Amino acid sequence: MATFVLVHGAWHGGWCWWKVEPLLRGSGSSVYSPSLTGMGQRSHLAGYMDPATIDLDLHVKDVQALLESEGLERVILVGHAYAGMVMTGVAEACAQRLAHLVYVLSLIHI
């Protein structure tokens, strides 16, 4: 089955995909929805770091590190809003691990 990595936009966390994850897992897919450094449930890390270091490059490294540490290949990388820039950086850094990029322009929270 497919492997999805779902990347959140700015001011969110991996939790924003909570309605999508079970649907993908129900189809037999593997799903990862990390929170980027300094955001979501990792927002506390901002207090331990120089705020200037929490940037696009760090977020690209967050996702790249997930792909490498989990040994993920042929990943469908999905992201919304700010994550589009993160995904583009990940694609540049490790294109060999990716199968598809899916850019979501907005999510409706109900």
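Contact is taken here to mean heavy atoms within 4.5 Å. On that basis, in this predicted model, Gly9 is in contact with Met39, His80, Ala81, Tyr82 and Ala83, once its neighbours within four places in sequence are left aside. Gly9 is placed in the loop between strand 1 (3-7) and helix 1, and its relative accessibility of 0% falls under the 20% limit, so that the residue counts as buried. With respect to one of these partners, Met39, the separation is 30 residues in sequence, while the C-alpha atoms of Gly9 and Met39 lie 9.4 Å apart in space.

The protein chain as a whole contains three helices and four strands, and these elements follow one another from the N terminus in the order β-α-β-α-β-α-β. For a chain of 110 residues, a compact globule would be expected to have a radius of gyration near 13 Å, and the value of 13 Å found for the protein chain agrees with this expectation. The C-alpha trace spans about 40 × 35 × 25 Å along its principal axes. Of the contacts in the protein chain with a separation of 6 or more, 66% are accounted for by residues 24 or more positions apart. Buried residues make up 41% of the 110 residues, and the accessible surface of the protein chain comes to about 6,200 Å², with 60% of that area belonging to carbon and sulfur atoms.

Turning to the charged groups, the protein chain carries 6 positive and 9 negative charges, whose mean positions are 9 Å apart. Side chains of opposite charge can pair when their charged atoms come close. With a limit of 4 Å between a side-chain nitrogen of Lys or Arg and a carboxyl oxygen of Asp or Glu, the count comes to two salt bridges.

One salt bridge is formed by Glu21 with Arg25, for which the closest N and O atoms are 3.8 Å apart. Both residues belong to helix 1 (residues 21-26), where they are four residues apart, or about one turn of the helix. The two partners are assigned to separate accessibility classes, since Glu21 counts as buried at 15% relative accessibility, whereas Arg25, with a relative accessible area of 43%, is partly exposed.

A salt bridge is also formed by Glu73 with Arg97, and here the closest N and O atoms are 3.1 Å apart. Because Glu73 lies in the loop between helix 2 (56-69) and strand 3 (75-80), and Arg97 in the loop between helix 3 (83-94) and strand 4 (98-104), the pair ties together parts that are 24 residues apart in sequence. In this pair the acidic residue, Glu73, is partly exposed, with a relative accessible area of 42%, while Arg97 counts as buried at a relative accessibility of 15%.

Positive phi values were also examined in residues other than glycine. Arg74, which is not a glycine, has a positive phi of about 55 degrees; this residue lies in the loop between helix 2 and strand 3, and at 61% relative accessibility Arg74 counts as exposed. For Ala81, likewise a residue other than glycine, phi is positive and near 55 degrees. Ala81 is located in the loop between strand 3 and helix 3, and is among the residues with which Gly9 is in contact.

Terms used. Residues numbered from 1 in each chain as written. Predicted model: local features only at pLDDT ≥ 70, side-chain atom pairs only at ≥ 80, totals over all residues. Heavy atoms only, no water. Helix = DSSP H or I, 4+ residues; strand = E, 2+ residues; numbered from the N terminus. Rg over C-alpha atoms; globule rule 2.2 N^0.38 Å. Buried < 20%, exposed > 50% of the residue type's maximum accessible area, 1.4 Å probe, protein only. Areas by Shrake-Rupley, 256 points an atom, 1.4 Å probe, with all protein chains shown as cover. Lys, Arg positive; Asp, Glu negative; His and termini not counted. Charge placed at Lys NZ, Arg CZ, Asp CG, Glu CD.
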